[in-house]
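Welcome, and thanks for taking a look at this one with me. Here are some notes to read alongside the picture.

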Amino acid sequence: MGVGPGDPELLTVAAVRALAAAAVVAYPVARPGDGGMAATIAAPWIAPHQERLPLLFPMTAEAEPRRAAWREAADRLAAAVAAGRSVVLLCEGDVSLFATSSYVLLALRRFHPHCPVRLIPGISAVAAAAAAGAWPLALQQEGLLIRPTPEEPALLEALLDRAAAECVVVALLKLGQRWAWVRPLLERRGLLEEALFARRVGWPDQEVAPAAAVAAGEMPYFSLLLIRQGWPGVLP
């Protein structure tokens, strides 16, 4: 179940209803004892009588610990469902876009194929940032590319070249420390004025501003950039 990027008011009606009907509320955590960002977002809608089920997903690049975490999460969720309990798994943003829940879904399909599953989409940070900045995300025949920020300037240069040639708007996620070199790169290409910077969308310390107004430097992991390199020919 997607809970959106940060603001509890951005949960959908379907998400709130599913949460209210759940006996068990599961959510991802990076370390034992953590509260979990998804659970923090959904906190106003979680009742005291509902069981909380934190699921540990370690932040590591190694494959085996991640596979083990996905399998354990699927096993625990399937066991709760088999016991006749209604379960929701909270997911920050949308359930299908760079989401931990997607890996859990694949693990459920592989190891518990008969476990019933229903996905409830959520508002993504990309959509929420565009709305907060009154920024048209895609128009007419434009495409939209959503991807993590490349690790190297040359990769971003090539990406922007392809996007410009194909009339594609680019949404770069997980900007973080890369903003230190991404900003001057965009400035050289004359793209700062048409780009929108956003960090911590939906949280109390949200910042949404034209990229030109944001100084170069390290940014939080949950920051993103929307880049437009042109406009359609027919506009108001």
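The points below go through the nonpolar cores and then the salt bridges.

1. A word before starting: this is a predicted model. Please read every value here as computed from that model.

2. A good place to begin is the largest nonpolar core, which has 22 residues. Within this core, Trp-179, Leu-186, Leu-225 and Ile-227 touch the most other members. Two or more residues come from each of the helices α6 (153-165) and α7 (179-188), and likewise from each of the strands β5 (168-173), β6 (195-199) and β8 (223-227).

3. Try centring your view on Leu-186. Leaving aside residues up to four places away in sequence, Leu-186 touches Trp-179, Leu-225 and Ile-227, and its other contacts of this kind are Leu-160, Leu-191 and Leu-192.

4. There is also a second core, separate from the one above, with 19 residues. Val-3, Ile-46, Val-88 and Leu-90 are among them.

5. Now for the charged side chains: the whole structure holds 12 salt bridges. One of them joins Arg-228 and Glu-142, with 2.5 Å from N to O. Arg-228 sits in the segment after β8, while Glu-142 belongs to the loop between α5 (125-132) and β4 (143-148), so this pair ties together parts that are 86 residues apart in sequence.

6. Are the two partners of that bridge buried or exposed? Arg-228 is buried, because its relative accessibility is 1%, below the 20% cut-off. Glu-142 is buried too, at 16% relative accessible area.

7. A bridge within one helix makes a nice contrast in sequence separation. Arg-183 and Glu-187 meet at 3.5 Å, N to O. Both lie in helix α7, 4 residues apart, which means that about one helical turn separates them. Arg-183 counts as buried, with 14% relative accessibility.

8. Next, have a look at Glu-207 and Arg-199, whose side chains form a salt bridge of 2.8 Å, N to O. Here Glu-207 is partly exposed at 25% relative accessibility, and Arg-199 is partly exposed at 21%.

9. Finally, which residues are joined into one network by salt bridges that share partners? They are Glu-157, Asp-161, Arg-188 and Arg-189.

Note on methods: Residues are numbered from 1 along each chain as its sequence is written. This is a predicted model: local features need pLDDT of at least 70, side-chain atom pairs count only at pLDDT 80 or more; totals for chains, interfaces and linings use all residues. Side-chain values use heavy atoms; hydrogens and water are left out. A nonpolar core is a set of buried Ala, Val, Leu, Ile, Met, Phe, Trp, Tyr and Cys residues joined through side-chain atoms within 4.5 Å. Buried means under 20% relative accessible area, exposed over 50%, partly exposed in between (1.4 Å probe, protein chains only). Contact means heavy atoms within 4.5 Å. A salt bridge is a side-chain nitrogen of Lys or Arg within 4 Å of a carboxyl oxygen of Asp or Glu.
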